[in-house]
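Please look through the sequence and the structure below before reading on. The paragraphs that follow lead from the overall make-up to single residues.

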Amino acid sequence: MKIASRRATVFILTISTLIVVLIYYGSSWSASVGDRAILEMGIRMTEPAVPLWRADRTNIEGGDTARVKASIISLVRNEELEGMLSSMRQLEAAWNSKFNYPWTFFNDVPFTEEFKRRTQAETNARCRYELVPREHWEVPDWIDHETMQESIKKMKSKSVKHGSQISYHQMCRWFSGFFYKHPALADMQYYWRVEPNVKFTCDIDYDVFRYMADYNKTYGFTINIYDDPNTLPSLWPETLSFLQEHPEHLHPGNSLQWLTDSSQRPDVNRIANGYSTCHFWSNFEIGKLDFWRSKAYEEYFQHLDRAGGFFYERWGDAPVHSVALGLFEANSKIHW
């Protein structure tokens with residue numbers, strides 16, 4: 001009986017050890033896939049090799065020492081408080097505790113006192129709590145609700161993610177054409193968008209906003225991915241229609257080839273009617289507000305808004321931002 005018991009114990013310990021090893025190496029392998037791909041492409045994950053504005057105000061060659069007018073921003077619900085606190089703790093520890101840029105929170109309903117109290121407790125920086133104007137959030141009156149409901153049914157049949165969530169359509173439209181018009185950002189030059197439950201795994205020791213301003217960068221991103229073409233079949237045709245009306249807005253240093261590439265995923269390009277669907281994932285973006293406030297972008301957004309694709313399809317703010325940047329801005333001003 002004792003021998004059998006010992007054998008059973010050894011067997012259990014052996015199996016447990018194997019499970020731990022598999023979990024460790026399995027997670028290590030999956031976590032390293034992206035790193036290996038980056039190494040194979042010869043991309044170095046380093047900070048910019050230029051003079052930078054450090055937290056201790058060193059390594060700066062001349063120039064004004066004033067801090068950039070910028071804010072961290074988040075569109076967040078009261079019920080997402082715990083996820084927002086997690087994101088704040090990480091970004092504060094990794095970066096903002098060194099620079100104390102303000103946080104600006106937006107919501108389509110008033111924030112609770114608990115939300116305000118607990119978020120402010122996570123930072124020494126100023127927090128502001130702003131209400132999205134109703135006219136910037138509601139479905140506009142030129143949208144035909146019957147057509148919208150029929151479109152939602154079609155999107156559901158094609159398993160379009162968030163296609164049936166009206167609030168998601170509203171969010172995409174707000175980030176596409178209204179967030180930069182909010183009075184809370186009127187005096188700001190740059191913003192850093194942060195979502196609930198995001199992770200920041202690296203310490204950042206320089207002022208990112210100051211880098212964007214000093215080196216004339218318009219937009220910073222971390223991920224460039226393909227979109228579901230079923231969310232935006234008419235986005236590119238509407239974009240071409242706009243360019244036909246306003247050829248003056250096309251920048252000579254544009255990224256048109258990136259936007260129209262069909263060599264990697266020809267089927268995606270076909271369904272999206274000529275658009276590669278490549279886009280910067282705007283859940284993390286650092287941007288210059290003057291670009292969104294520009295005549296070119298405002299006219300482009302108005303054209304898209306009247307076309308109805310934010311509700312008849314599920315145009316996301318990420319592809320809308322990306323297409324605009326790819327057409328109306330020099331690619332040298334887009335930073336990874």
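**From charged pairs to a buried glutamate**

Glu 80 is partly exposed, with a relative accessible area of 27%, and it takes part in a salt bridge with Arg 77, in which the closest N and O atoms are 3.9 Å apart. Arg 77 likewise counts as partly exposed, because its relative accessible area of 37% falls between the limits of 20% and 50%. The model in which this pair is found is a predicted one, and a search of the whole structure finds 16 salt bridges in it. In general, side chains of opposite charge can pair when their charged atoms come close.

To place such pairs, it helps to step back to the whole protein. It contains 14 helices and nine strands, and of its 336 residues, 45% are buried. Among the contacts with a separation of 6 or more, 81% are between residues that lie 24 or more positions apart. The protein exposes about 17,800 Å², and carbon and sulfur atoms supply 54% of that area.

Seven strands form an open sheet with mixed pairing, and their order across the sheet is β3-β2-β1-β4-β8-β5-β9. The edges are taken by β3, residues 127-131, and β9, residues 334-335, each of which pairs on one side only. Strands of a sheet pair through backbone hydrogen bonds, either parallel or antiparallel. Strand β1, residues 70-75, runs parallel to strand β2, residues 103-107, and four bridges join the two; within this pairing, the bridge partner of Ile 73 is Thr 104 in β2. Helix α2, which spans residues 81-99, lies across β1, β2, β3 and β4, and it runs at about 160 degrees to β2.

Two further salt bridges can be set beside the pair described at the start. Arg 118 forms a salt bridge with Glu 114, with the closest N and O atoms 3.2 Å apart, and both residues lie in helix α3, residues 113-120, where they are four residues apart, about one turn of the helix. Arg 118 is partly exposed, with a relative accessible area of 24%, and Glu 114 is also partly exposed, at 40% relative accessibility.

Arg 173 forms a salt bridge with Asp 305, the closest N and O atoms being 2.8 Å apart. This pair links distant parts of the chain, since Arg 173 belongs to helix α6, residues 166-177, while Asp 305 belongs to helix α12, residues 295-307, and the two are 132 residues apart. Arg 173 has a relative accessible area of 3% and is buried, and Asp 305, at 3% relative accessibility, counts as buried too. Elsewhere, salt bridges that share partners join Glu 82, Glu 114 and Arg 118 into one network.

Which residue does UniProt list for "active site"? The unreviewed entry gives Glu 285, a residue that lies in strand β8, residues 285-288, and β8 stands between β4 and β5 in the order of the sheet. Is Glu 285 buried or exposed? At 0% relative accessibility it counts as buried, because the limit for that class is under 20%. Leaving aside its neighbours within four places in sequence, Glu 285 is in contact with Tyr 191, Trp 192, Arg 193, Tyr 219, Gly 220 and His 321.

Conventions: Residues numbered from 1 in each chain as written. Predicted model: local features only at pLDDT ≥ 70, side-chain atom pairs only at ≥ 80, totals over all residues. Heavy atoms only, no water. Pairing = 2+ DSSP bridges. Contact = heavy atoms within 4.5 Å. Axes fitted to C-alpha atoms, helices over the stretch in contact; angles between N-to-C directions. Salt bridge = Lys/Arg side-chain N within 4 Å of Asp/Glu carboxyl O. Buried < 20%, exposed > 50% of the residue type's maximum accessible area, 1.4 Å probe, protein only. Areas by Shrake-Rupley, 256 points an atom, 1.4 Å probe, with all protein chains shown as cover. UniProt positions renumbered as here; feature names shortened; annotations may be inferred.
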